[in-house]
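Subject: Structure handover and notes

Hello,

Here is the structure I said I would pass on. Please keep it open while you go through the notes below.

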Amino acid sequence: MANLPVQKNTLYVGGLAEEVNEAILHAAFIPFGDIKDVKTPLDQATQKHRSFGFVTFLEKEDAAAAMDNMDGAELYGRVLTVNYALPERIKGGEQGWAAQPIWADADTWFERQQQEEEMQRIQAENRAAMQAAEELHRKKMAQEREGEKEDDSEVKDDPMARAEVEVLKQNNSS
């Protein structure tokens with residue numbers, strides 16, 4: 001989805017008094033037209049709304065009328081700020097990103113980081129295991145060649161086998 005224009009039928013309502021709930025917000029805005037949805041995102045710690053909400057009207061003309069009439073109006077002793085909601089505030093469809101606290105995705109970020117670190121650790125273990133297996137294989141092959149050298153004079157003439165045996169002897173002595 002590209003940069004979306006403001007949501008003409010969803011309003012951001014800021015400056016809500018603590019006592020205002022979704023039912024009160026709905027009642028305050030219903031005179032302007034049919035309401036599709038009302039959300040007051042909760043603070044996870046206090047389980048109270050964070051002094052703002054969203055009202056989604058079925059018709060954008062009703063939202064415009066509500067904004068014109070309610071911006072600067074008073075509700076429960078507090079002056080409201082009413083604007084069109086920005087896409088960032090309501091992305092995530094019906095539920096809306098705003099229904100979660102700003103830090104809600106921090107947990108998934110930490111999970112992703114842990115998964116990433118776990119994957120890197122496993123990959124490092126796999127690399128180490130592969131290197132150990134290759135080293136074991138090289139040693140085994142060199143030992144077989146050493147055994148063949150004792151039995152078979154042709155292997156003594158094999159420069160690769162001699163070089164591998166020399167490398168193994170150096171590795172074992174160091």
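The notes that follow begin with the whole chain and then move to individual residues.

Overall

Please bear in mind that this is a predicted model. The protein chain holds six helices and six strands. Read from the N terminus, the order of elements is β-α-β-β-α-β-β-β-α-α-α-α. The chain has 174 residues, and 28% of them are buried. Its exposed surface comes to about 11,900 Å², with 50% of that supplied by carbon and sulfur atoms. As for contacts between residues at least 6 apart in sequence, 62% join residues at least 24 apart.

Around H49

H49 sits in the loop that runs between β2 (35-39) and β3 (52-57). Despite the loop position, H49 is buried, at a relative accessible area of 14%. The 14% falls under the 20% limit, so H49 counts as buried.

Two polar contacts involve the side chain of H49. One goes to the backbone nitrogen of S51, at 2.9 Å. In the other, a polar atom of the H49 side chain lies 3.4 Å from the backbone oxygen of E18. Leaving aside residues up to four places away in sequence, H49 touches L16, A17, E18, V20, T40, P41 and L42.

E18 also appears in the salt bridges. Its partner there is K48, with the closest N and O atoms 3.2 Å apart. This pair links distant parts of the chain: K48 belongs to the loop between β2 and β3, E18 to the loop between β1 (7-14) and α1 (22-29), and 30 residues separate them. How accessible are the two partners, K48 and E18? K48 is partly exposed at 43% relative accessible area, while E18 is exposed at 58%. E18 thus takes part through its backbone oxygen in the contact with H49 and forms the salt bridge with K48.

Salt bridges in α4

Across the whole structure, the search gives six salt bridges. Side chains of opposite charge can pair when their charged atoms come close. Besides the K48 and E18 pair, two of the salt bridges share R121. R121 pairs with E118, with 2.6 Å between the closest N and O atoms. R121 also pairs with E125, where the corresponding distance is 2.3 Å.

Why are R121 and E118 separated by about one helical turn? They are three residues apart in helix α4 (residues 104-151), which accounts for that separation. E125 and R121 are four residues apart in α4, and so are again separated by about one helical turn. An α-helix has 3.6 residues a turn, so residues three or four places apart point the same way.

E118, R121 and E125 are thereby linked in a network of salt bridges. The members are partly exposed: R121 at 39% relative accessible area, E118 at 36% and E125 at 44%.

Helix α2

Which residues of α2 (residues 60-70) are buried? A63, A66, M67 and M70 are. Viewed down the axis of α2, the buried residues fall within an arc of 100°, so they line one face of the helix. After α2 comes G72, which has a positive phi, near 90°.

Aromatic pairs

There are three aromatic pairs in the count. One of them joins Y12 and F52: the ring centres are 5.7 Å apart and the planes make an angle of 35°, which makes the pair tilted. Y12 belongs to strand β1 and F52 to strand β3, so this pair ties together parts that are 40 residues apart in sequence. Y12 is buried at 17% relative accessibility, and F52 is buried at 16%.

F52 pairs with F54 as well. Their ring centres are 5.8 Å apart and the planes stand at 85°, so this pair is edge-to-face. F54, like F52, is buried. Y12, F52 and F54 together form one aromatic cluster.

Regards

Key: Residues are numbered from 1 along each chain as its sequence is written. This is a predicted model: local features need pLDDT of at least 70, side-chain atom pairs count only at pLDDT 80 or more; totals for chains, interfaces and linings use all residues. Side-chain values use heavy atoms; hydrogens and water are left out. Helices (H or I, at least four residues) and strands (E, at least two) are DSSP runs, numbered from the N terminus. Buried means under 20% relative accessible area, exposed over 50%, partly exposed in between (1.4 Å probe, protein chains only). A polar contact is a pair of N or O atoms within 3.5 Å; within protein, one must be able to donate a hydrogen and the other to accept it, and residues adjacent in sequence count only if both atoms are side-chain atoms. Contact means heavy atoms within 4.5 Å. A salt bridge is a side-chain nitrogen of Lys or Arg within 4 Å of a carboxyl oxygen of Asp or Glu. The arc is that of the directions from the helix axis to the C-beta atoms. Accessible areas come from the Shrake-Rupley method with a 1.4 Å probe; for residues, only the protein chains shown count as cover. Rings of Phe, Tyr and Trp (its six-membered ring) pair if their centres lie within 6.5 Å; planes under 30 degrees apart count as stacked, over 60 as edge-to-face and the rest as tilted.
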